[in-house]
Amino acid sequence: MRICITTIFLAFFATSSFTQEILYDKQDSIFIEGIIEEMSAKEFSSSGNLLLAIADKFTGCRYVAGTLENGEKEPLYVSCSKLDCTTFVELTLAIATTIGKKEIRFNDVCRNLEKIRYRNGVRKGYASRLHYISQWIEDSLKQGTITEVTSCRISKKGRLHLSFMSSHPQNYTMLKDNPGTTREIEAMEKPFRNKEIEYIPKDMLDRGADELPIKDGDILALTTNIDGLDVTHIGFAFWHNERVHLLHASSSKEMVIRDNVTLYDYQKKRKSQTGIRIFRLIGIL
């Protein structure tokens, strides 16, 4: 496990016509540039293998829920020392994208992370963040950075009904007592109400690679039956003993881990989880 130092730095970089604030830890920027240098010197047979190699570098880093909730402003927050499941996946993807573009600097990672985290790649306040995984998926599909590979013989149709944030504003610092921002969030939710998706039910996840369209390093979005939500967890897939597992920022283990529990058993214990959607990074290698 890395020893994480808590000093916070502010930096600025220009995108479009305005300057953006970055909130980060200097030791984390050094660590990230070290990952880029190490991975750029290696050859990988697939983008998925590159993602797993990067993700493994974060094993043991601390899980902290709600890492992007930093008050009234919306800085670009970058941390290796405090990760939740979403920021872990985002940062890993941003580093992989940076390597794929033959870039080497921390600021390059920040620019790529902003494109991943915010609608159309532009950060314009809290409501511009892709809060729901389904919103992030749609934006990334539009940008052509991922492809969905869920559809298969055992997949099923489902429908999204996003409304949780706008119907529970008291749960969010930036929505509580802020009806204007809540209305912005609700407007972003509406296109994802009654939207059809495909997913693989969790009782099918004990199958092998001949039936599951999952490769090492695929992004797994764990679907849910909680009213108003789409996904409750996200991580990377890896195969072990012919069964799928998660490399993820685990809230129960309070750190990033390669889970020794199979994905099938992981979801079996969680009644609100219904299955998975599967996505693959493209255009990197």
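# Salt bridges and cavities: a short tour

Leaving aside residues up to four places away in sequence, Glu103 touches Ile36, Thr98, Asp108, Arg111 and Asn112. That makes a good place to begin, and please keep in mind that this is a predicted model. From Glu103 the tour goes on to salt bridges, of which the structure holds 20, and then to the cavities, which number 3 at 30 Å³ or more.

**Around Glu103**

- Where does Glu103 lie? Glu103 sits in the loop between H3 and H4.
- Glu103 is buried, because its relative accessible area is 17% and the cut-off for buried is under 20%.
- A polar contact joins the side chain of Glu103 to the side chain of Arg111, at 2.7 Å.
- Glu103 also belongs to a network of salt bridges that links it with Arg105, Asp108 and Arg111. Two of these partners, Asp108 and Arg111, also appear among the residues that Glu103 touches.

**Other salt bridges**

- As background, side chains of opposite charge can pair when their charged atoms come close.
- Glu38 and Lys42 form one such salt bridge, with their closest N and O atoms 3.2 Å apart. Glu38 is partly exposed at 29% relative accessible area, and Lys42 is partly exposed at 43%.
- Which residue forms a salt bridge with Glu211? The partner is Arg207, and here the closest N and O atoms are 2.8 Å apart.
- Arg207 also meets Asp206 in a salt bridge, side chain to side chain, at 3.7 Å from N to O.
- Buried or exposed, or something in between? Arg207 is partly exposed, with a relative accessible area of 23%. Its partner Glu211 is partly exposed at 28%, and Asp206 counts as partly exposed at 32%.

**The largest cavity**

- Rolling a probe the size of a water molecule over the atoms shows where empty space is left.
- The largest cavity has a volume of about 50 Å³.
- Its lining is made up of Thr67, Leu68, Tyr77, Val78, Ser79, Lys82, Leu83, Thr87, Leu91, Leu113 and Arg117.
- Which elements supply at least two residues each to this lining? They are strand S4 (76-78), strand S5 (82-83), helix H3 (85-100) and helix H4 (106-117).
- By residue type, the lining of the largest cavity divides into 6 nonpolar, 3 polar and 2 charged.

**The second largest cavity**

- The second largest cavity has a volume of about 40 Å³.
- Thr86, Val89, Glu90, Ile133, Trp136 and Ile234 line this second largest cavity. Two or more residues of the lining come from each of H3 and helix H5 (133-143).
- Which element gives the most to the lining of the second largest cavity? H3 does, with 3 residues.
- This lining divides into 4 nonpolar residues, 1 polar and 1 charged.

**A closer look at H5**

- The buried residues of H5 are Ile133, Ser134, Gln135, Trp136, Ile137, Asp139 and Ser140. Among them, Ile133 and Trp136 also line the second largest cavity.
- After H5 comes Gly144, which has a positive phi near 80°.

Note on methods:
Residues numbered from 1 in each chain as written. Predicted model: local features only at pLDDT ≥ 70, side-chain atom pairs only at ≥ 80, totals over all residues. Heavy atoms only, no water. Salt bridge = Lys/Arg side-chain N within 4 Å of Asp/Glu carboxyl O. Buried < 20%, exposed > 50% of the residue type's maximum accessible area, 1.4 Å probe, protein only. 1 Å grid on protein atoms, 1.4 Å probe; cavity = no way out; pocket = protein on both sides within 12 Å on 5 of 7 lines; lining within 4 Å. Points joined across faces, edges and corners; volume = space filled by probe spheres on them. Helix = DSSP H or I, 4+ residues; strand = E, 2+ residues; numbered from the N terminus. Nonpolar A, V, L, I, M, F, W, Y, C, P; charged D, E, K, R; others polar. Polar contact = N/O pair within 3.5 Å; in protein donor to acceptor, adjacent residues only side chain to side chain. Contact = heavy atoms within 4.5 Å.
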